[in-house]
Amino acid sequence: MSRSDARPVVMGVLNVTPDSFSDGGAYAEHDAAIAHGVELARLGADLVDVGGESTRPGAAPVRSSDEQERVIPVIRALASRSIGVSVDTLHADTARAAVAAGARWINDVSGGLHDPEMLAAAADASRRGAAGLIIGHWRGVPDPAHLRSDYADVVSDVTRALAERASAAVAAGVDPGRIVLDPGLGFDKTGAQGWQLLAGLDEVRALGFPVLIGASRKRMLGEAIDGLAAPRSAAASAAAQPVAAAPAHDRDLATAVVSALAAEAGSWGVRVHDVHGTRQALAVQSAWSDARRLVRARRPRAASPDRIALTGLEVFAHHGVFDFEREQGQRFVIDAVVEVDLAGAAAEDALARTVHYGELADAIVDAVAGDPVDLIETVAERVARVALGFAGVRSARITVHKPDAPIAQTFSDVSVTVERRADEGAHA
């Protein structure tokens with residue numbers, strides 16, 4: 001889904017470390033870090049993500065006391081200037097100190113797995129309305145050999161793991177409305193797996209939580225653009241016409257492109273080093289999306305085709321990400337609208353020239369009650385395939401409602417809708 005109606009949060013990276021993979025040492029001193037944080041905010045960062053420990057492959061662990069000496073003065077100074085701050089930390093005591101200093105978000109790339117006290121710290125901040133929790137997916141500090149990147153299906157596996165961590169956070173007392181998920185690009189995921197996660201962002205979003213994308217300057221981007229000609233150096237092009245200055249980092253342009261695509265795919269936010277370039281990319285994406293809506297609204301509508309609608313079909317099934325959903329089951333409600341030419345059936349008063357809606361209902365019930373799956377998106381695709389299998393059906397619009405979904409907030413319904421045509425086929 002497009003997020004053209006709500007621009008993503010831009011989180012600017014501020015590494016107060018000597019050894020980060022991208023800008024290690026540039027902002028290790030407090031004054032330099034504070035000045036850079038102020039500049040990130042001026043350029044349009046909604047949040048400045050302050051970290052005092054590198055999670056690059058091979059980085060040395062940092063004691064939380066040393067980490068706090070690096071980040072707390074910076075967080076306090078930025079917060080005092082009304083700049084939104086998040087703290088990038090694996091340590092619960094650093095998270096508590098950062099929130100006390102004014103941080104609005106705790107960004108834990110381990111999702112609370114590294115420090116068993118982290119969820120309690122986040123719950124305390126949540127109860128006081130002081131800070132939310134960004135839950136990252138990881139299997140440990142990144143391993144460049146990818147020995148832990150053995151996923152059966154990276155999108156499903158990461159989605160399921162994030163669901164488990166979100167469930168644990170809610171059980172610990174974190175407000176579900178203050179949880180954001182991060183699929184953890186680069187954390188024990190190959191470049192190909194990272195791209196699959198971006199392409200499967202809808203599955204992560206289907207968990208019902210906002211999603212943060214952190215692809216900035218990561219190796220997956222370098223792999224994608226490897227082999228392209230580099231800009232000529234100033235010396236090599238001295239006799240040529242002046243050219244625009246290259247980005248501060250050779251992966252910043254690729255990062256900005258990913259940020260725009262992530263926004264189009266519905267991400268809540270993007271975590272980036274180059275805030276200015278990202279803001280430009282997001283502005284272009286927003287303008288394009290706004291114009292596309294206007295063009296579509298102006299297009300004349302074709303004459304409505306004949307349709308048969310079956311609404312409110314209730315089926316008890318065992319679909320869901322959580323174990324208790326698989327064990328206990330719950331109610332699903334299906335709406336199906338199929339396009340079929342009814343002129344012949346009406347003229348001849350012949351059942352054989354139309355779709356028998358009783359048979360359609362039985363087929364849908366069998367499809368929904370079949371093998372359990374994680375997502376109602378998958379259920380909807382399954383039902384669409386069944387509907388398109390009826391003779392004469394040109395298209396199917398299927399809505400799967402999950403009125404008893406495990407959502408902590410008050411709600412009346414949650415549903416997904418797919419539309420598929422017979423000449424295109426339902427998605428596998």
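Here are some friendly notes on the sheet, the cores and a few ring contacts in this predicted model.

1. **The sheet as a whole.** A good place to begin is the open sheet of 8 strands, whose pairing is parallel. Reading across, the order is β6-β5-β4-β3-β2-β1-β8-β7. β6 and β7 (212-213) are at the edges and have a single partner strand each, so one side of each has no neighbour in the sheet.

2. **Strand β6.** Is this strand, residues 179-182, buried or exposed on its two faces? Both faces are covered: Ile-179 and Leu-181 are buried on one side, and Val-180 and Asp-182 are buried on the other. As background, side chains in a regular strand alternate between the two faces of the sheet.

3. **How β6 is held to β5.** Strand β5 (residues 132-136) runs parallel to β6, and 4 bridges join the two. Across this pairing, Ile-135 is opposite Leu-181 of β6. Together with helix α5 (residues 154-172), β5 and β6 form a β-α-β unit that is right-handed.

4. **β1 and β8.** Elsewhere in the sheet, strand β1 (residues 9-15) is joined to strand β8 (residues 269-272) by 4 bridges, again in parallel. If you would like a pair of residues to look at here, Val-10 has Val-270 in β8 as its bridge partner.

5. **The nonpolar cores.** The largest nonpolar core holds 65 residues. Leu-14, Val-50, Ile-75, Leu-78, Ile-106 and Ile-213 have the most contacts inside this core. Helix α5 is its biggest contributor, giving 7 residues. Another core, of 31 residues, lies apart from it and includes Leu-310, Ile-364, Phe-390 and Val-400.

6. **Around Ile-106.** Which residues does Ile-106 touch, once those up to four places away in sequence are set aside? They are Val-87, Ala-95, Val-99, Met-118, Ala-122, Ala-125, Gly-132, Leu-133 and Ile-134.

7. **Aromatic pairs.** The model has 3 aromatic pairs. Why does the pair of Phe-322 and Phe-324 count as stacked? The ring centres are 5.7 Å apart and the planes lie at 10°, and stacked pairs are those with planes under 30 degrees apart. Both residues are partly exposed: Phe-322 has a relative accessible area of 21%, and Phe-324 has one of 40%. With buried meaning under 20%, Phe-322 falls into the partly exposed class.

8. **A charge over a ring.** Finally, do look at Arg-139 and Tyr-151. The charged end of Arg-139 sits over the Tyr-151 ring, 3.9 Å from the ring's centre.

Key: Residues are numbered from 1 along each chain as its sequence is written. This is a predicted model: local features need pLDDT of at least 70, side-chain atom pairs count only at pLDDT 80 or more; totals for chains, interfaces and linings use all residues. Side-chain values use heavy atoms; hydrogens and water are left out. Buried means under 20% relative accessible area, exposed over 50%, partly exposed in between (1.4 Å probe, protein chains only). Two strands pair if DSSP finds at least two bridges between them. A crossover is right-handed if, with the strands pointing away from the viewer, the path from the first strand over the helix to the second runs clockwise. A nonpolar core is a set of buried Ala, Val, Leu, Ile, Met, Phe, Trp, Tyr and Cys residues joined through side-chain atoms within 4.5 Å. Contact means heavy atoms within 4.5 Å. Rings of Phe, Tyr and Trp (its six-membered ring) pair if their centres lie within 6.5 Å; planes under 30 degrees apart count as stacked, over 60 as edge-to-face and the rest as tilted. A charge sits over a ring if NZ of Lys or CZ of Arg is within 6 Å of the ring centre and within 35 degrees of the ring normal.
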